[in-house]
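I opened the model to look up a few surface and backbone features, and I note below what I found.

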Amino acid sequence: MEHTNGFKMVEIKFQGESYNGFYKVTRKGVVTIETRNDIPVKPYDKVSIGVEELIVQKIQVYSNRAEITCENPNTCLLYTSPSPRDKR
């Protein structure tokens with residue numbers, strides 16, 4: 001998913017059910033979704049947005065909405081620093 005400058009409307013699919021919500025990509029591979037507060041997800045569940053399958057990392061439930069933080073399992077966030085040998 002590409003970086004967004006704000007929220008975009010989206011259909012979220014979880015266990016055969018569809019939920020409407022909004023998403024934004026905050027950094028490579030991390031997606032924040034805002035939706036109804038009764039969506040029955042928990043950490044490590046898989047949700048689908050379009051053709052993307054995301055892994056739920058964190059859920060914050062508020063009185064009228066839920067904020068779900070997900071990661072794309074196909075995005076590598078690995079950072080390697082130069083080895084001491086490379087610094088010579």
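Is Met9 buried or exposed? I looked this up first and found Met9 exposed, with a relative accessible area of 63%, where buried means under 20%, exposed over 50% and partly exposed in between (1.4 Å probe, protein chains only).

The model is predicted, with local features needing pLDDT of at least 70 and side-chain atom pairs counting only at pLDDT 80 or more, while totals for chains, interfaces and linings use all residues. Residues are numbered from 1 along each chain as its sequence is written, and side-chain values use heavy atoms, with hydrogens and water left out.

I placed Met9 in strand S1 (residues 8–14); strands (E, at least two residues) are DSSP runs, numbered from the N terminus.

I then looked up the loop between S1 and strand S2 (17–27), where I found Gly16, and Gly16 is exposed at a relative accessible area of 81%. From Gly16 to Val47 I noted 10.0 Å, C-alpha to C-alpha, with the two residues 31 apart in sequence.

Gln15 is in the loop between S1 and S2 as well, and I recorded for Gln15 a positive phi of about 50° although this residue is not a glycine. Gln15 counts as exposed, at 64% relative accessibility.

Which phi does Tyr44 have? I found a positive value of about 80°, although Tyr44 is not a glycine. Tyr44 sits in the loop between strand S3 (30–35) and strand S4 (46–49), and I entered Tyr44 as exposed, with a relative accessible area of 67%.

How values were computed:
Helix = DSSP H or I, 4+ residues; strand = E, 2+ residues; numbered from the N terminus.
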